[in-house]
Amino acid sequence: MAETASEQGRAQAAVLPVAGRRNVLVTSALPYVNNVPHLGNLVGCVLSADAYARYCRLRGHNVLFVCGTDEYGTATEARALQEGCSPREICDRYHALHREVYRWFGISFDHFGRTSSPEQTVICQDIFQKLLENNWLSEKTIQQLYCGTCQRSLADRLVEGSCPVEGCGYGSARGDQCEKCGELLNSTELIDPKCKVEASASTHCSTAANLCLFLSCAETLIASPFQVCGSTPCVRDTDHLFLELPLLKEKLEEFIDGASVDGYWSQNAVHVTNAWLKGGLKPRCITRDLKWGVPVPHEKYKDKVFYVWFDAPIGYISITACYTPEWEKWWKNPENVELYQFMGKDNVPFHTVMFPSTLLGTGENWTLLKTISVTEYLNYESGKFSKTKGIGIFGNDAKDTNIPPEVWRYYLLTNRPEVSDAQFTWTDLQAKLNNELVNKLGNFVNRVLSFIAKPEGAGYGSIIPPATNAESYTQTRAISETVGKLIDQYIDAMDKVKLKQGLKIAMAICSEGNAYLQETQFWKLYKQDPPGCATVMKTSVGLVYLLACLLEPFMPSFSTEVLQQLNLCPEEHLSFCDEKGERDKAKRPWDLIPSGHRIGKPAPLFKGLDDNTVKGFKEKFAGSQAERRLRAEVATRLENTTI
């Protein structure tokens, strides 16, 4: 697959920390390869991380942005069995699909890798050995659901039942974690309170006497539609290795107390982490009875692999190692590197408790998390997005709508569920596109550039006019002061990873620009006060340029298009680098583009959505992916039927 121009440029020389500069390491939660990412996955992880990484580059920081597909574990094995192929084939296929989706959305990874690499095995096993040597691991016997007919353990993640946590009771909790309350679980805890059936001969196992085994083997594997054997599973003892979190508590709390304050952790991350600590840390199992994963380098456990939530976060490190052999300059350099991580709320404890504890336990000088940015859930229309059930809008669906990626990026980031769950609806997407992008942003840019492009006598023949004594004009001086304050607010918000607020502030500058045009009535000034009109237009075109720069983290293709229409090189935009004093320069918009500069050809930037199109999208993307495929097949058959 061909690389993008930015990837090719960055591939020439690896980005490494630079002495004397702010070095920012950005990671996005690794997307799992059991399906294409949906919009909820995108905004919570990859898209948010991309917006922040782009902002850091805009500010002149030295940035490395890595991500990759999470490929080991239960769901991959299950999907492979379902599709009659190997786990490797599943991973190869979905890695390519993920990569293509992110490329279409304009995600600026420095490297997009995968966890099923030799580097992952080496680094994961090395960390394990150090934990073992430092006595942070223990052995315990636990119970697992097991199908005697299939002779396989039923993986926790593929078991569904009622959450046993008091006050929760969520009926679709998974055997490894409840999506509603976030508590980690074991599959044998998912007891259906409505079912009173006790063990019988059909359970094959007397240890199940107090467990409601209300599902057959085929029904238990709920994460994919394939059937196994239909036998009732039994409960069986098995030995596993555990990370002793209670023994690491003091080191962990010291880390959390410092990082959560210094790194402006989002409140939901703080809440989830504190709930774990308050509830009492427990030893966590780090091994599984699977074949597809990193092998455990221990004679007794050589037939097991590491639990995906132990090795997946290590994937950030191994993916960096695939990018550069000098990966330790990023990951073992806490004095000079700041680690920023982006994810949905269900991933929090693995990144604020499990992963830091794992690294702390090695006794090495790892770069630990500074800032974690966490989103709540983005829901779809009246229900929930679900990769497992195929419900919602997926990355390839977004592409198929012919709605440009910058529109999707804008909508998702303005609707980013930072404090509470948010709702995706087609009518809301339509409203934001038509009212905010077409009527506000697109109209402002086009209005300014089109007027400048008009021939002499009606405009300026595409030449930027001079602005003489700009600050002597009351309205121009006023908008300069207002925009200056908004720029400071934008930088403050983005520095604290308040992406939604940063985008809102940037759009506020657009609103100020529109108001400035109306208040000055430039079309009248053109004849009545030519110097005044020239000042208004030179100031306004500076605001257009400023918006292209401020909105680049959110809508990079929009920024590129505006700079092309301004006849400016995309690489020469403002960096807002403090050392260059560009923040102060931006507060004088009439100075941003020199007089005499010839702009390019203006063109509309956005196209609106009508009601009929929105209605069609609602119908097309209703139900699950399987139901959509069935509707499409039926429609094709009907189309090809001759009566």
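**Close-up 1. Phe 451 and Tyr 460, a pair of buried rings.** Both Phe 451 and Tyr 460 are buried in this predicted model. Their ring centres lie 6.1 Å apart and their planes meet at 70°, so we call this pair edge-to-face. If you're wondering how such a pair gets described, it takes the distance of the centres and the angle of the planes.

**Close-up 2. Trp 327 and Trp 366, with a lysine joining in.** The structure holds 30 aromatic pairs. Here's one where the rings are stacked: the centres of Trp 327 and Trp 366 are 6.3 Å apart, with the planes at 25°. The two residues come from distant parts of the chain, 39 residues apart. Trp 327 belongs to the loop between helix H10 and helix H11, while Trp 366 belongs to the loop between H12 and E13. Trp 327 and Trp 366 are both buried. Now look for Lys 332: its charged end sits over the ring of Trp 366, 4.7 Å from the ring's centre.

**Close-up 3. Strands E12 and E13, with a helix on the way.** E12 (residues 337-344) and E13 run parallel, joined by six bridges. To spot one partnership, find Met 343 and its bridge partner in E13, Val 374. Between the two strands the chain passes through helix H12 (residues 348-362), making a right-handed β-α-β crossover. E13 (residues 369-375) is mostly covered, with six of its seven residues buried.

**Close-up 4. An open sheet of four strands.** Reading across, the order is E5-E4-E8-E9, and the pairing is antiparallel. E5 (152-153) and E9 (284-285) stand at the edges with a single partner strand each, so one side of each has no neighbour in the sheet. E8 (residues 234-243) pairs with E9 over two bridges. Phe 242 has Cys 285 in E9 as its bridge partner. Phe 242 also has Lys 140 over its face, 5.9 Å from the ring centre.

**Close-up 5. Helix H4, end to end.** H4 (residues 87-104) has 18 residues and spans 26 Å from first C-alpha to last, close to the 26 Å expected. Plenty to look for here: the buried residues include Ile 90, Tyr 94, His 98 and Trp 104. Just after H4 comes Gly 106, with a positive phi of about 75°.

**Close-up 6. His 271, out on show.** You'll find His 271 in helix H8 (residues 267-279). His 271 is exposed, because its relative accessible area is 57%. Its C-alpha is separated by 9.8 Å from that of Val 348, which is 77 residues away along the chain.

Note on methods. Residues are numbered from 1 along each chain as its sequence is written. This is a predicted model: local features need pLDDT of at least 70, side-chain atom pairs count only at pLDDT 80 or more; totals for chains, interfaces and linings use all residues. Side-chain values use heavy atoms; hydrogens and water are left out. The expected span of a helix is 1.5 Å times one less than its number of residues. Buried means under 20% relative accessible area, exposed over 50%, partly exposed in between (1.4 Å probe, protein chains only). Two strands pair if DSSP finds at least two bridges between them. A crossover is right-handed if, with the strands pointing away from the viewer, the path from the first strand over the helix to the second runs clockwise. Rings of Phe, Tyr and Trp (its six-membered ring) pair if their centres lie within 6.5 Å; planes under 30 degrees apart count as stacked, over 60 as edge-to-face and the rest as tilted. A charge sits over a ring if NZ of Lys or CZ of Arg is within 6 Å of the ring centre and within 35 degrees of the ring normal.
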